[in-house]
Amino acid sequence: MITAGVDVGAKYAKIVLLENGKTVMTRVNSTVGFDLLKSANTVFKKALTKANLERDQITQVVATGMGRKTIHKKPPINTQEIIPEVIADAKGAYHLIPTVKTVIDVGAEEGRGVKVAEDGKVRDFVINERCAAGAGTFIETMARALEVGVKDMGPLALKSTNAIPMNAQCCVFAESEVVGLIHSKVSKQDIAKAIHDAMAGRIASMVLRVGVEKDVALIGGVARNPGFLPPLRKELNTEILVPEYPEYVGALGAALLAFEMEGKK
Amino acid sequence: MMLKKMTQTKEYPTEPLKIWNEGKQLRRRYYEDYLNANEHGGLRWAGGAWSFSAIPAGLGDDVYCITGEPHGATIAFFKDFTAKCHEAVEAAGFPRTLCAYMRNYWGSILLDKYILADGTVIDNHPTPDFIWQDHICCSHGKWYQVAKWLEEKKGKRVPMYCVDVSVGYPMDKPLEDYKINYIINQLDDGIEWLKKVTGREYNDVLLCEAVWNEVKATKLWAEICALNQAVPAPLDEKTMYSLYVMGTLMKHRPECVAFYEKLKAEVEDRVRRGIAAVGNERFRVITDTQPPWGFLKIFREMEKYGVVSLGSLYTYGLIGMWKYRPDGSWIPKDLPPAKPKTREEALKLIVEWTVDRPEWAHFYLPEAKTKMILSIVKQWKADAVLLHYNRGCEGLSVHIAENRLGIQKAGVPVFPFEGNMGDEREFDFTGTLARLTTFFESMGLKKMKK
C-alpha cells in the first residue's frame, strides 16, 4: 500500500510517498507560488513521475502545512484528510527518532516547538507569534541585506568567533540593525553569526515555554543551515538531533498518518 | 496534551436572549444620561469600573458616571474611531505601549468627541464635574491624572479624588481591621470632599441604598455565571461581554439589579429547557483577560469547530463576587445578613465586600488567580483554557505567564495568544486564527459542516 503526505508550507511544498508505512519511495519538493493549489499539484505530479506511479495507485493522501486547507479534497491530489503541522511534525519525528521528546521545527515563516508524548502524540506546542524573526525568512531577508546567497549564510557564520548582540525582536528592526553594523564596518561573517545567534535566541526562548526534554530534534528547512545549529545547541544547552531529510519530516508524518488511517478502515 | 475524541454530533436547541434589546437600551441610556446630566442640573463624574461608585450616589439621584474601561472598550469596538483616538494620543506625545483603554479615553478627550454605545460619534466630549477613582492597577492613577490635565488644557477644572485600595487579598483569612479601616477612612474623607467640590448635601439613605444595590448586582452576576456550568452552556462569552458590562457601568444602580434579576430568571429558564448558546457545542473553553474587542468574530470562528467559550475569570470575577466553600468549590458570595442603615455600616460593608474581588487577587498572588481559573475549569467542565497575553492591559496580564504554567501543570490544555484589547495594530487575526485552529485540530476537533 502506498500513501502520500503533502506538506504545503509558506515557501516549499514537500511530498513523501511511503510504501507500507515504512519505506520512503520518493521525496520531492518545489517552491510554492501565490497559487498554492497549483504549486501542490505540480509537485505532486513530479512525485508521481519520479516514482513511476499513477494517482489511483496512492491509497490515501494526507495534507499538512499552512496550505493544507487550500488543497483539501481538490483534484487531482484529492487529499482525504488534513492535519495540523504540529501533529505531522510529532508523528514524523517520532518515527525517525523514537526517543524524541521535543521537536523544533523551523520553516520559512514559522518556528514551532512540539512536546511529544511517549506514544508519539502531541503533548503541548508553541508557535512563534507575529514575527518572522524566528523563521527562515529572517535569514533570507538578512542575506539580501548582506548581499550574500542564503545558502552561504550558515558557512559564513561559522567562520566568525565574535559575539555581537542583535536585540531587535522584529525582522524589520533587525534589518536596520544589520544595516547599522554594515555601516560600522563589522565583517560580514560576524554579522552572519549575529543573525544566527539572534534567531537561535528567539527560537530557544519560544521552545522553553513548553519545556525542553531530551531527545531534542530539529526539523524544517532551517535545520539544513549549518550556522543555526551551534547557537541553538548553546542556547538550549543540549544536544540536538537532525534527521537526514529534516524538511520532509512533516510530510513524512502526514504519510504515516495516512497509512494508519487506511489500516483502521 | 492528549487528543480528545470528538464524536459527539448532538445539536442542541438554541434561541436568542429575550432580554438582549433591553440590555442594549440600558447601555445606550447610560451614555446618554451622562451626556445630558448637566442640562437638567445633574452631576457627571468619571472614574474606573472598580471605583466605589455607590459613594457619589449619596449626592442625589441625578448623579451620573462614566466608567473609563468600558468606555475604552466601546471605543475599541469601533475601529475607525479608535484609530483616530490613538493618532491623537500619539501626536500628543504618549507612547503606544500604555493601557489601550486609557489611550482610547484620552484620545476621545483630545478629539473632543464622544461615542455612544451604538457607535454614534458626537462632538464635544462631556467634561465630568469631578473624578472619583480607585487605585489598584498601575494605569489607574495616571489615567485620570492625565485626563484632568487634558481637561484643564481646554480650560476646564476637574477636581479629582482617588482611593488607594492596595491592602492585599484575603486569600486564606480575612484582611486585618487596620487594612479595612484604611480604605473606609479614605471613603469617609471622600464624602466630605464630594460635599465640598459639588456644594451638595450628602444623603446617607441614598448611600445605603446604592451599597445594597451594588452588593446585590455583583452577587447576581456571579449567580448568572454559575448557571453556565450547565451542559449545554446557556450563554457564550461573546454574549456575556454585553451583559457583564452593566456591572462595570452602574453596579450601584437599581436598574442594574433589576436587569440582572430578569437576566438570571431567563438564563435559569434556558438551563431548564436545555437551550444552548452554541447549538453544536462539543468542546468547552474558557479565556482570560479582556478580548481583542475589534475582533470578537474570533468567537464565531471557534463555533465552527463546535467550541463554546463559557466565560473567564475576567467575565465572572471582574464584577461578580465569589467565595470558596470549605469543600473547595467556588461559589457566588453570600449576601450580607442585612442592608446597611448608617454611613458607617455602609462603608464597612462595601469595603469588606469589595476587597474580595476575584480580579484583584492576581495583583498580589498569581497562584490565587491560577487556583480560581482551575476551579472554573473543573466546575464549568472546560476542556481547555485560551490565555490572551493582552499587551493593552498590564494590570490584568500581570503574571499571566505564571498562570499558564500553573494551568499546564494541572494537566489542562492551554493556548496562549498575543494581542491587544484596544489597539488593533497589535492583533494578527489571521495568524491567531490559524494557530487557534491548529490547537483545536490537535485536540481532535474538526471544522463542522453547516
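Which residue just after helix 17 of chain B takes a positive phi? That's B:Gly444, with a phi of about 95°. Hold on to that helix, we'll come back to it.

Quick housekeeping. What you're looking at is a predicted model, where local features need pLDDT of at least 70, side-chain atom pairs count only at pLDDT 80 or more, and totals for chains, interfaces and linings use all residues. Residues are numbered from 1 along each chain as its sequence is written, while chains are lettered from A and ligands numbered from 1 in the order in which they are written.

Okay, chain A. It has 9 helices and 10 strands; both are DSSP runs numbered from the N terminus, with helices being H or I over at least four residues and strands being E over at least two. Its radius of gyration is 19 Å, and the globule rule gives 18 Å for 265 residues, so chain A is as compact as a globular protein of that length. That radius is taken over C-alpha atoms, and the rule is 2.2 Å times the number of residues to the power 0.38. Along the principal axes, the C-alpha trace of chain A spans about 60 × 35 × 30 Å.

How much of chain A counts as buried? The figure is 51% of the 265 residues. Buried here has a cut-off: 20 or more other C-beta atoms within 10 Å of the residue's own, with exposed being 12 or fewer, partly exposed in between, and the C-beta atoms placed from the backbone.

Take A:Leu36 as an example, in helix 1 (residues 36-51) of chain A. Why does A:Leu36 count as buried? Because it has 20 C-beta neighbours inside 10 Å. Setting aside residues up to four places away in sequence, A:Leu36 touches A:Val8, A:Gly67, A:Thr70 and A:Ile71. Touching, or being in contact, means that the two C-beta atoms, placed from the backbone, lie within 7 Å.

Chain A also splits into domain 1 (1-84 + 245-265) and domain 2 (98-242), with bounds from an automatic or database domain assignment. Their C-alpha centres lie 27 Å apart. Where they meet, domain 1 of chain A puts in 7 residues and domain 2 of chain A puts in 10. On the domain 1 side, that's 4 nonpolar, 1 polar and 2 charged. For those classes, nonpolar is Ala, Val, Leu, Ile, Met, Phe, Trp, Tyr, Cys and Pro, charged is Asp, Glu, Lys and Arg, and the others, Gly among them, are polar.

Now chain B, with 17 helices and 12 strands. Its radius of gyration is 21 Å against 22 Å from the globule rule for 450 residues, so chain B too is as compact as a globular protein of its length. Of those 450 residues, 49% count as buried. Among contacts in chain B between residues at least 6 apart in sequence, 77% join residues at least 24 apart.

One nice case is B:Ala46, in strand 1 (residues 43-47) of chain B. B:Ala46 is buried, with 28 other C-beta atoms within 10 Å. Beyond four places in sequence, its contacts include B:Cys65, B:Ile66, B:Pro128 and B:Tyr144.

What about cores? Nonpolar side chains in soluble globular proteins tend to be buried together. The largest nonpolar core here has 127 residues, and B:Val211, B:Tyr260 and B:Val385 have the most contacts inside it. A core is a set of buried Ala, Val, Leu, Ile, Met, Phe, Trp, Tyr and Cys residues joined through C-beta atoms within 7 Å. Helix 7 (residues 204-226) of chain B gives the largest share, 12 residues. Apart from that core lies another, of 85 residues, among them A:Ile71 and A:Val103.

Last bit: where the chains meet. Here 12 residues of chain B are in contact with 14 residues of chain A. Which helix gives the most to the chain B side? Helix 17 (residues 429-442), with 6 residues. That whole side has 4 nonpolar, 4 polar and 4 charged residues.

So back to helix 17 of chain B. Its buried residues include B:Thr432, B:Arg435, B:Phe439 and B:Phe440. Both chains help cover the buried residues of this helix: among the elements are helix 3 (85-96) of chain A and strand 12 (414-419) of chain B.
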